[in-house]
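Ready for a few exercises? Open the structure, try each task yourself, and then follow the worked solution step by step.

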There are 2 protein chains.
Amino acid sequence: MFDFKVLSRDKKARRGVITTDRGHEINTPAFMPVGTQGTVKTLSPEDIQRTGAEIILGNTYHLYLRPGHKLIEKLGGLHRFMNWERPILTDSGGFQVFSLKGLTKITDDGVRFQSHLDGSRHFFTPELAIEIQESLGSDIMMCFDEPPPYPSTPEYLRKSMDRTTRWEERCKKARKNPRQALFGITQGGTDPALREESAKQIVQIGFDGYAIGGLSVGESTSLMLEMAGLTATFLPEDKPRYLMGVGTPEDIIGAVEAGVDMFDCVMPTRNARNGSIFTSHGKLNIRNSVHIDDPRPLDETCPCETCRGYSRAYLRHLFSAGEILGLRLNTIHNVTYYQRLMSGIRDAITRGRFAAFAEEFRRETAGIGSQQVI
Amino acid sequence: MFDFKVLSRDKKARRGVITTDRGHEINTPAFMPVGTQGTVKTLSPEDIQRTGAEIILGNTYHLYLRPGHKLIEKLGGLHRFMNWERPILTDSGGFQVFSLKGLTKITDDGVRFQSHLDGSRHFFTPELAIEIQESLGSDIMMCFDEPPPYPSTPEYLRKSMDRTTRWEERCKKARKNPRQALFGITQGGTDPALREESAKQIVQIGFDGYAIGGLSVGESTSLMLEMAGLTATFLPEDKPRYLMGVGTPEDIIGAVEAGVDMFDCVMPTRNARNGSIFTSHGKLNIRNSVHIDDPRPLDETCPCETCRGYSRAYLRHLFSAGEILGLRLNTIHNVTYYQRLMSGIRDAITRGRFAAFAEEFRRETAGIGSQQVI
């Protein structure tokens, strides 16, 4: 049975543990690397595990289009398909569908859209989003919601929020497999009153966990954290809270301070493939010529495979030469960086010194989210 | 001290062991995966080791141009640079230089050429080829030779062969570090008399091992094997023999029959990145739609990481989706296939049943070198 326990608190920050129905533990606050197409880009499952990640995210939209959820089901589900036995959370596909240029129509029934791959036409409904996720066999499913664009008019925000609530009721009803947890998603844009209303409606329906959706879509960081913090106050203490698509290390620390337990973001993996590396002293870009003959690892404090075996000079060479190994080594490091961050956060909460941890982090890596040290 | 012992013979085929000066053993017949730019494409050193490979090849030409041999020397040599402590053989750069379109002039002194990267002008000499390889710190260095184009006139073949002999004398003289073995390279094109003459001249100079060069450049397989076999008869029994740039599994078996001990080829790695997979029943291409829902591994008899964890359906999906992990998993499999082939060859020689092994192989994988089963 899906379970969540808060082990300790430090002000609003929570250190907890999720136990999935299949018996795996996920220590929270947790960061989920993103495995869009049935693979966390450049990494094997063994690589992912070595970074310390305990759960990854799979994208319903992408897997539905290619190779198809029925194919994955036939082959034993997403875990077996990608050879990752540990927990997987699948999103509902909504975020991707609503980001598409080929989106044709949103109705109360669902959403018509065209595939980004071949332009083929599809119709997503709350029921289909659940059906796909049940075929994939993820440990945690997400409700199909509508993340409204930012900015939206107050009228549209309300309309969209009401529709999201109705869609989530349908998701709960459509769910057939009780062994897969189902999380609700709260919306409300950047309107405090709607945030509260949405949270209360979704909690009223009742889910295994609650996501804070529709943020990190263009609003300022402070507004994002304010909305996340506000929403969290309306969510039950005994269920995990998941801030979708966030974010930078600083954003994560800010959201943990506001009581969030789970995160996902393409930042560590995507940045790695662009040569942008997180270190305990800030970001660096491995393409920079200052690294050309630098025998040091990316981060002297990091225990990852990349930092144990390879110099900045070698990683820069691999990047310059277009060698695939470089993308993988960078990704191993960045994902490990995120997992060590989460481990540091958990440890600080347990020891009642999270505020000090956050302050030290901000001092040592000033501007890590937006600027680059080297 | 560099050493080679023949442990057993089966007709002309030899099963032996090379011990490098740094103390690593290389079981022969051996296949060396190619690590052109300081990495065996898509693989980490740990991946390479798991395939069973005991030695890899590094390309002097590529490393000289980027990142530069002086930089690699400053960073502790090629082994440390790429985090591969086991044996490395470096070629002399000659084969690449002579393949260049921007090649401007061959004189008795050396070769002028333009970099394929930026058009910059360079001058390679036997002395420079040794200097570069000593900077890289490989376990086995190769003499700088001229592989004549195929076909060449008898006059050119002779002129080129004579020049190669003089260049190799200069290489031996230029060598400063006796801890790095140095192999001579025999030439002579497809002229049996010149093959004999070249082999005798190169053996006369005296090296730690002998390569058979200038083959697999367009001549037929039977002619290639005939020339390799002929050359082998003029090489000393107590030194390793290396057939450069060969080849398909069938070519390797044919050359082992003729008494060759070492091989290198980009085939397993390059084919893997194109989706072309070696199996014990022949080749398959993972892009083929017949694999779309196939739950089987690439090769049920293969113990590699790829075959233990992933279905053909998943590997096809990764390839279709352009995911880097697919290239790596394919490469792990193909390189493992080659290493298992070599292991099978060694075992068959030890047991005095190499002819039967070769016959079984040819029957089971008819046309593996050129045709495709699926």
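**Exercise 1.** Which residue has its backbone oxygen 2.7 Å from a polar atom of the side chain of A:Thr365?

*Solution.* Before you start, keep in mind that this is a predicted model.

- Step 1: Find A:Thr365 in the segment after helix H15 (354-364) of chain A.
- Step 2: Look around its side chain for a backbone oxygen. The one at 2.7 Å from a polar side-chain atom belongs to A:Phe361.
- Step 3: Now look for partners further along the chain. Leaving aside neighbours within four places in sequence, A:Thr365 is in contact with A:Glu250, A:Thr279, A:Ser280, A:His281 and A:Gly282.
- Step 4: Check the accessibility. A:Thr365 has a relative accessible area of 2%, and the cut-off for buried is under 20%, so A:Thr365 counts as buried.

**Exercise 2.** How many residues of helix H6 (residues 126-136) of chain A are buried? Then look at H6 in chain B.

*Solution.*

- Step 1: Go through the 11 residues of H6(A); nine of them are buried, and the helix is mostly covered.
- Step 2: Name some of them. The buried residues include A:Pro126, A:Leu128, A:Ala129 and A:Ile130. Polar and charged names turn up too, among them A:Gln133, A:Glu134 and A:Ser135.
- Step 3: Move just past the helix, where A:Gly137 takes a positive phi of about 75°.
- Step 4: Turn to chain B. Helix H6 (residues 126-136) there is mostly covered, with nine of its 11 residues buried. B:Ile132 and B:Leu136 are among them. H6(B) is followed by B:Gly137, with a positive phi near 75°.

**Exercise 3.** How many disulfides does the rule count over all chains? Explain the result for B:Cys171 and B:Cys307.

*Solution.*

- Step 1: The count over all chains comes to zero.
- Step 2: Take B:Cys171, which is in no disulfide; its nearest cysteine sulfur is that of B:Cys143, 4.3 Å away. A disulfide needs two sulfur atoms within 2.5 Å. B:Cys171 is also buried, at 0% relative accessibility.
- Step 3: Take B:Cys307. Its closest cysteine sulfur is in B:Cys304, and because the distance is 3.9 Å, the two are too far apart for a bond. With a relative accessible area of 9%, B:Cys307 is buried.

**Exercise 4.** How many residues does each chain bring to the contact between chain A and chain B? Describe the interface.

*Solution.*

- Step 1: Count the residues: 37 come from chain A and 37 from chain B.
- Step 2: Work out the area. The size of an interface is often given as the accessible area lost when the parts come together. Here chain A and chain B bury about 3,100 Å² between them, and 55% of that is on carbon and sulfur atoms.
- Step 3: Pick out the leading trio. A:His317, A:Glu323 and A:Ile324 supply 18% of the area that chain A buries against chain B, more than any other three residues.
- Step 4: Look for charged and polar partners. The rule finds eight salt bridges across the interface. A:Asp293 forms a salt bridge with B:Lys74, with the closest N and O atoms 2.5 Å apart. There are also 18 residue pairs in polar contact across the interface.
- Step 5: See which helices take part on the chain A side. Those that each supply at least two residues include helix H1 (45-51), helix H13 (312-320) and helix H14 (324-350). H13(A) gives the most, with five residues.
- Step 6: Sort the chain A side by type: 17 residues are nonpolar, nine polar and 11 charged.

Terms used
Residues are numbered from 1 along each chain as its sequence is written. Chains are lettered from A and ligands numbered from 1 in the order in which they are written. This is a predicted model: local features need pLDDT of at least 70, side-chain atom pairs count only at pLDDT 80 or more; totals for chains, interfaces and linings use all residues. Side-chain values use heavy atoms; hydrogens and water are left out. Contact means heavy atoms within 4.5 Å. Buried area is the accessible area (1.4 Å probe) that two parts lose on being put together, summed over both. A salt bridge is a side-chain nitrogen of Lys or Arg within 4 Å of a carboxyl oxygen of Asp or Glu. A polar contact is a pair of N or O atoms within 3.5 Å; within protein, one must be able to donate a hydrogen and the other to accept it, and residues adjacent in sequence count only if both atoms are side-chain atoms. Helices (H or I, at least four residues) and strands (E, at least two) are DSSP runs, numbered from the N terminus. Buried means under 20% relative accessible area, exposed over 50%, partly exposed in between (1.4 Å probe, protein chains only).
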